[in-house]
Amino acid sequence: MARGLVAACFAWFALFGAIGDARGGMVTLWNQSDLALTDPPRGLLNSDFGDFPDYSAFIVSDISVPAGGWLVDRLTIWVYAPGGVPTVSNARLHVFRGATPAGYDPLAASTVEVHARAAAEGPPGVYRVHAEGLGLELNPGTWFLGLTPEWNFAQWGLTFQVATRQPIGVKSRWRNPGNGWEFGAGWMDPGYFDGNLRDFALRVEGVPTPGSAAAVAMLLGVAMGRRRLRQST
């Protein structure tokens with residue numbers, strides 16, 4: 001009996017060690033980064049201005065999470081910023097579950113640290129901006145995600161999230177809650193500004209959520225079944 005319990009415990013630790021290894025090896029879960037790289041690139045304002053808050057604008061894009069769910073570690077967007085960007089700064093992290101973000105307030109989003117570097121893709125002024133270590137557990141279904149850099153206008157000017165050439169899923173949405181641009185304060189179809197603007201560059205990395213509870217239950221069931229068989233013989 002003791003040997004059986006010890007074996008079960010070792011199997012348990014081995015299973016969770018494998019899960020930990022899987023979490024460490026990220027994969028691309030969602031990739032809509034076929035950038036619309038005209039010169040300048042196609043894009044739409046995506047900036048949280050501390051100095052001109054009424055002009056802050058936010059973009060969210062949809063993703064479809066399959067059965068089993070995802071554990072998201074890193075989120076990346078591409079921006080066009082002719083005035084440059086800081087290497088390390090903060091951004092609003094948008095995470096909303098639903099078929100539309102109509103009920104989502106981007107000003108209530110949490111702030112995360114982001115890192116930016118010049119992108120190999122496209123003309124000067126295109127940057128990759130990413131947040132990592134997110135630990136977002138996303139259940140199956142439609143979600144809207146996004147990052148909006150908190151870069152003041154006086155220092156960095158306007159920042160535009162780059163659009164994609166090949167849209168995936170439903171259209172992204174754009175919102176200027178303060179209505180400084182006088183287009184309305186609700187979520188808008190970006191096609192209002194340009195018919196080619198539908199989806200915006202976004203990449204999601206992490207691991208598929210491991211079915212740890214089911215796997216452990218099955219593993220322990222096998223171990224206990226073998227222990228009972230040994231006792232009866």
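**Exercise 1. Arg74 and its partners**

Determine whether Arg74 is buried, partly exposed or exposed, and work out which side chains meet Arg74 in salt bridges.

*Solution.* Step one is the accessibility: Arg74 has 24% relative accessibility and therefore counts as partly exposed, where buried means under 20% relative accessible area, exposed over 50%, and partly exposed in between, with a 1.4 Å probe and protein chains only. Before going further, note that this is a predicted model, in which local features need pLDDT of at least 70 and side-chain atom pairs count only at pLDDT 80 or more, whereas totals for chains, interfaces and linings use all residues. Residues are numbered from 1 along each chain as its sequence is written, and side-chain values use heavy atoms, with hydrogens and water left out.

Step two is the search for salt bridges, each defined as a side-chain nitrogen of Lys or Arg within 4 Å of a carboxyl oxygen of Asp or Glu. Glu132 meets this criterion with Arg74, since the closest N and O atoms are 2.9 Å apart. Because Glu132 lies in the loop between S7 and S8 while Arg74 lies in strand S4, this pair ties together parts that are 58 residues apart in sequence; helices (H or I, at least four residues) and strands (E, at least two) are DSSP runs, numbered from the N terminus. Glu132 itself counts as partly exposed, at 39% relative accessibility.

A further salt bridge joins Arg74 to Glu205, at 3.9 Å from N to O. Here Glu205 belongs to strand S12 and Arg74 to strand S4, so the link spans parts that are 131 residues apart in sequence. Glu205 is buried, with a relative accessible area of 11%.

Step three assembles the network: through shared partners, salt bridges join Arg74, Glu132, Arg203 and Glu205 into one group. The structure holds 9 salt bridges, among them the pair of Glu121 and Arg128 at 2.5 Å, N to O.

**Exercise 2. The strand that carries Arg74**

Establish how strand S4 is covered, and identify which strands pair with S4 and in what sense.

*Solution.* Strand S4 comprises residues 70-80, and 9 of its 11 residues are buried. For pairing, the criterion is that DSSP finds at least two bridges between the strands. Strand S12 (residues 202-208) runs antiparallel to S4 and is joined to S4 by 7 bridges, with Trp70 opposite Pro208. Strand S7 (residues 126-131) is also antiparallel to S4, over 6 bridges, and Val126 in S7 is the bridge partner of Tyr80. Strand S8 (residues 136-138) contributes 3 bridges in the antiparallel sense, where Trp70 stands opposite Leu138. Strand S10 (residues 160-162) completes this list with 2 antiparallel bridges, one partner pair being Val79 and Gln161.

**Exercise 3. Nonpolar cores**

Find how many residues the largest nonpolar core has and which of them have the most contacts inside that core.

*Solution.* A nonpolar core is taken as a set of buried Ala, Val, Leu, Ile, Met, Phe, Trp, Tyr and Cys residues joined through side-chain atoms within 4.5 Å. The largest such core has 29 residues, and those with the most contacts inside it are Ile63, Leu75, Leu138, Leu147 and Val204. Its largest share, 5 residues, comes from S4. Beyond neighbours within four places in sequence, Ile63 is in contact (heavy atoms within 4.5 Å) with residues including Trp30, Trp70, Leu138, Leu202 and Val204. A second, separate core of 11 residues includes Phe49, Ala163, Trp174 and Phe200.

**Exercise 4. Two residues in contrasting settings**

Decide whether Thr164 is buried or exposed, and give the accessibility class of Glu113.

*Solution.* Thr164, found in the loop between S10 and S11, is buried, with a relative accessible area of 3%. Its contacts, leaving aside neighbours within four places in sequence, are Gln32, Ser33, Asp34, Ala36, Asp199, Phe200 and Ala201. Glu113, by comparison, is found in strand S6 (residues 110-118) and is partly exposed, with a relative accessible area of 47%. With the same sequence neighbours left aside, Glu113 is in contact with Val88, Ser89, Asn90, His130 and Ala131. Glu113 and Arg92 are 21 residues apart in sequence, and their C-alpha atoms are 8.9 Å apart in space.
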